[in-house]
Amino acid sequence: MAEQKERNLLLLGAAILTVGLIIEILKQKVLGLQMSVIYKTLLIMFMIAVGYSFAAGIISPFVKSFLDKLKLRFTNGLGKIFGKIAFYLVIYGVLFGLYLLVYVYGIRITSFPEKLVQMSNITA
C-alpha cells in the first residue's frame with residue numbers, strides 16, 4: 001500500500017490565507033488598469049487559480065521546515081500542547097491583523113510610507 005504523505009492542514013490554511021492576501025493586494029492594482037472588465041475578471045481569476053495551487057504545492061512545503069523550527073521554540077517554552085496552541089494563535093493572529101488592515105480598513109501596501117510620514121508636517 002502506498003505511503004500517504006502527512007500534511008499539516010493548519011499550515012496549508014495559513015499558506016492559502018497568505019496567498020489570498022497577496023491576491024487582494026494585486027487585485028487592487030489590476031482594478032486600476034485601463035482595460036476591459038472582462039480582461040480584468042479573467043486576469044483576477046487566473047491569479048486566484050495559480051495563487052492557490054502555488055500555496056498548496058510550493059509555499060506550504062517550503063515554509064514547513066521554518067515554521068516547524070518556530071513551533072519548536074513555542075513547544076520548548078510552553079510545553080507540547082500549550083506551545084502548539086500559542087504557535088497557531090500567533091500565526092493566525094498575525095494573518096487576521098493583516099486581513100483586517102487590507103479588507104476592512106482598505107489600507108494599501110503602497111500607502112504605508114505616506115501614512116507613516118506626513119510630508120505636509122515636515123518643515124525645513
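This is a short chat about three helices and a few residues in a predicted model.

Visitor: Start with helix 1. How many residues does helix 1 have, and how far does it reach?
Guide: Helix 1 covers residues 9–31, which is 23 residues. From first C-alpha to last, helix 1 reaches 32 Å. That is close to the 33 Å expected at 1.5 Å a residue.

Visitor: Which residues of helix 1 are buried?
Guide: The buried residues are Leu11, Leu12, Ala14, Ala15, Val19, Gly20, Leu21, Ile23, Glu24 and Val30.

Visitor: And what do those buried residues pack against?
Guide: The buried residues of helix 1 pack against helix 2 and helix 3.

Visitor: Glu24 is on that list. Why does Glu24 count as buried?
Guide: Glu24 has 12% relative accessibility. The cut-off for buried is under 20%, so Glu24 falls inside it.

Visitor: What is Glu24 in contact with, beyond four places in sequence?
Guide: Val102 and Tyr103.

Visitor: Switching topic. How do helix 2 and helix 3 cross?
Guide: Their axes come within 7 Å and cross at roughly 130°. That makes helix 2 oblique to helix 3. The crossing is right-handed.

Visitor: Which residues make the contact?
Guide: Helix 2 contributes Leu67, Leu70, Lys71, Phe74, Thr75 and Leu78. From helix 3 come Lys80, Phe82, Gly83, Lys84, Ala86, Phe87, Tyr88, Val90 and Ile91.

Visitor: Take Thr75. Buried or exposed?
Guide: Buried, at 18% relative accessibility. Thr75 lies in helix 2.

Visitor: Which backbone oxygen does the Thr75 side chain reach?
Guide: The backbone oxygen of Leu72, at 3.0 Å.

Visitor: And what is Thr75 in contact with, leaving aside neighbours within four places?
Guide: Lys80, Gly83 and Lys84. Those residues also appear on the helix 3 side of the contact with helix 2.

Visitor: Now the link. Where is Gly79?
Guide: Gly79 sits in the loop between helix 2 (37–78) and helix 3 (80–104).

Visitor: Why does Gly79 count as partly exposed?
Guide: Gly79 has 28% relative accessibility. Partly exposed runs between the 20% and 50% cut-offs, so Gly79 belongs there.

Visitor: What does Gly79 touch, not counting residues up to four places away?
Guide: Phe74 and Lys84. Phe74 is among the helix 2 residues that make the contact with helix 3, and Lys84 is among those of helix 3. Lys84 is also in contact with Thr75.

How values were computed
Residues numbered from 1 in each chain as written. Predicted model: local features only at pLDDT ≥ 70, side-chain atom pairs only at ≥ 80, totals over all residues. Heavy atoms only, no water. Helix = DSSP H or I, 4+ residues; strand = E, 2+ residues; numbered from the N terminus. Buried < 20%, exposed > 50% of the residue type's maximum accessible area, 1.4 Å probe, protein only. Contact = heavy atoms within 4.5 Å. Expected span 1.5 Å × (residues − 1). Polar contact = N/O pair within 3.5 Å; in protein donor to acceptor, adjacent residues only side chain to side chain. Axes fitted to C-alpha atoms, helices over the stretch in contact; angles between N-to-C directions. Parallel < 35°, antiparallel > 145°, perpendicular 65-115°, else oblique. Left-handed = near helix turned anticlockwise from the far one by under 90°.
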